[in-house]
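Biologist: I'm new to this one, so could we look at it together?
Modeller: Gladly! Here it is, and then ask away.

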Protein chains: 2
Amino acid sequence: MKAVGLVVEYNPFHNGHLYHLEASKTASGADAVIAVMSGNFLQRGEPALVSKWARTKMALKQGADLVIELPYAYATQKAETFADGAISILEALGCSSVCFGSENGEISPFLETAELLNSHHAEYQQLVKQFMKEGMSYPSAQTSAFLSLETDSRPLDLSLPNNILGFQYVRAIQKQKASMRPLTIKRTAAGYHDEDFNSSPIASATSIRKALFSDEQKDISPFVPSSTNELLREYESEHGVLHHWENYFNLLKYTVCTMSMEEMRQIYEVEEGLENRVKSVIMHAESFKEFMEQLKTKRYTWTRLQRMCLHLLTRTTKDQMQQAGGRAPYLRLLGMSDAGRSYLNSVKKNLETPLVSVLSSFSHPLLDLDIKASAVHAMILPEPLRSHCIKREYSTRPFQYDREKGCFL
Amino acid sequence: MKAVGLVVEYNPFHNGHLYHLEASKTASGADAVIAVMSGNFLQRGEPALVSKWARTKMALKQGADLVIELPYAYATQKAETFADGAISILEALGCSSVCFGSENGEISPFLETAELLNSHHAEYQQLVKQFMKEGMSYPSAQTSAFLSLETDSRPLDLSLPNNILGFQYVRAIQKQKASMRPLTIKRTAAGYHDEDFNSSPIASATSIRKALFSDEQKDISPFVPSSTNELLREYESEHGVLHHWENYFNLLKYTVCTMSMEEMRQIYEVEEGLENRVKSVIMHAESFKEFMEQLKTKRYTWTRLQRMCLHLLTRTTKDQMQQAGGRAPYLRLLGMSDAGRSYLNSVKKNLETPLVSVLSSFSHPLLDLDIKASAVHAMILPEPLRSHCIKREYSTRPFQYDREKGCFL
């Protein structure tokens, strides 16, 4: 059997994701689709709208055959580390290709860019440092460094978020000497960060989330599969909430208030005196938005600061995160279809990375971070739901989806 | 001028407190009453019903002339440390006497007991250790040790909570070589822990709190001065809550969930592997009461465990608390009457301990704990009230009460 890997967040699963999933299967000629998915917190340092379990269901129903959790220590990081973790998981599972969306749908510019940066490695690193010294954020410094390289052609626009991620996948494949082939699908319609709907049935996840939280109760059904819509509504009615940073502001304020400066400095991404700024700003801020707007400076992107806040919220330390970076140390299975189970059986004996179906069977410091993150994600729920969700992390077995019957076993 | 000192919590101020205040003034012949009062968290490891500011108003309206905050590091401790802090503050302010309630209203049994324990010091300590080894809680071991001393007479029943506190005041006076005279007033009617009302106009604070939180909306007005009742109602309508441990359970669960075992062990009162018990029990507990009932063992009193929970909630470490024990390092003034101001003026030039009226004028690690405790106490309030209460800790000047006009200036 042959599998294609996708790196996803599905927050929530929408028509663009469906298009990407189906086109990836066609382009790769794969029998199974493996989705490596962020858990309850996402790359932008945000809580997922709904738990990873609900998002796993969305993915399985729409065509994913295996859903594997990207550990917190990779999922909540800058593109480079995020890609390292995701690619290592797909490679460990023997994917013959990984397929990502890009602006123009051609893979050669990604390969050429990787080549270009390899051959200008020292110059590029030097330039990034220099631009950061001048006060740029890390992503801006990267873009500027790339644009300043002494070269005749720049095959890729690295200021576009999707191109950055795609490029990092290609770079990770090369770095890890992975055998999988990178493929890319041309994105349709919506830009990554588009905030508003247009006439296309494809809208960005950002615009869909915005609609979900708007007071106007905008209808998202034109933009998501009906199963996504149902699962979102079901989650909201059972849990009383779609998760949003504002729900956690109370806990963030509390935890910052009780932490000493020394403790704050130990938290991942708290650098260069940010602890003083966070502490003084948060005490008088009345909402997460107000807090972030007051915290924001030119030096740091919103995303970077939001990730720092997330690590404060989960009290994730530099020591704990130091263990992430190279290959992910386990494969946490969240769900599978029949095809996914067949695929797993076909590769099982060659797996070198432990496959984790139930938590009691395995332990690892990075898995402890995933467990803690799930508990924190559930912390805003009312009892007894909260206790139930915390317990569920240990007791839930991976979902099994019967695609023919269209139901879970 | 002559001042009598009272050690109080006023949670809330009730008719028994009024009786004690007036009788103390009479018995001591003092011109001014100085109340050293626990801040936002109390000796039993509980949040105060209403803030220290509201309780300061209650005290001033009913006859206190100076209200001084007993720092968190003394207020949330076993009787011995609690008494050390309170007595040192009253002594620093030049009180000529301290007056406490007791079961039979005679001071000699307290003095004789202190004498007895002084002369049997080694034997007593040895017995306490032995009983604790046998699995007794610290207070039970103390009582048993006292009852096991080889002596003909035991002048005091040290199993009664009020007698324990009174005895500790006397012991602290001796230890600190304080010049103030201990006085005692016979308590009327209600026992310290009585949970129910009877026909007397005096009811225990425990029973009053119970009534305030009961579903039946029991009327507490027969048992408290009308100003207390008004201030409680005013606080509740402004803040939407009377503070109770259950309100904080969410935060406690969250903080325990994000702490490592190593971090938990650094918290004050987390001893002998309690961190493991707390962590495993809290994850599945749906309320503070359920949590405490599951946590409770013969070895620890409810109060001892509740204090540990409080230190977890405020993340107060062993290192931080190590600085408490001897004399309180500052006198935080919360409010005063005209007589209080006159008294302060009369002793001001002889004060050896800094008097703190506004926070910006002084800094001390123990004062930081008070500030943090106030912020945590306010953490359950909705915004913008929460931010307001946190700011207020810095901006509020001590209340000034004009007793003749019956109003605050």
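Biologist: In which loop of chain B does B:Arg315 lie?
Modeller: Keep in mind that this is a predicted model. Helix 15 of chain B covers 302-313, and helix 16 covers 318-321. B:Arg315 therefore falls after one and before the other, and its place is the loop between helix 15 and helix 16.

Biologist: Is B:Arg315 buried or exposed?
Modeller: Its backbone is worth a look too, as phi is near 50°, a positive value in a residue other than glycine. Buried means under 20% relative accessible area. B:Arg315 has 2%, so the residue is buried.

Biologist: What is the phi of B:Tyr10?
Modeller: Look in the loop between strand 1 (3-8) and helix 1 (15-28) of chain B, where B:Tyr10 is found. This residue counts as buried, because its relative accessibility is 1% and the cut-off is under 20%. B:Tyr10 is not a glycine, yet its phi is positive, at about 50°.

Biologist: Which residue does a cis peptide bond join to A:Asn11?
Modeller: Turn to the loop between strand 1 (3-8) and helix 1 (15-28) of chain A. A proline sits there, A:Pro12. With omega about 0°, the cis bond joins A:Asn11 to A:Pro12.

Biologist: And what is omega for the peptide bond from B:Glu383 to B:Pro384?
Modeller: B:Pro384 lies in the loop between helix 18 (365-378) and helix 19 (385-395) of chain B. The bond that leads to B:Pro384 from B:Glu383 is cis, with omega near 5°.

Definitions and conventions
Residues numbered from 1 in each chain as written. Chains lettered and ligands numbered in written order. Predicted model: local features only at pLDDT ≥ 70, side-chain atom pairs only at ≥ 80, totals over all residues. Heavy atoms only, no water. Helix = DSSP H or I, 4+ residues; strand = E, 2+ residues; numbered from the N terminus. Buried < 20%, exposed > 50% of the residue type's maximum accessible area, 1.4 Å probe, protein only.
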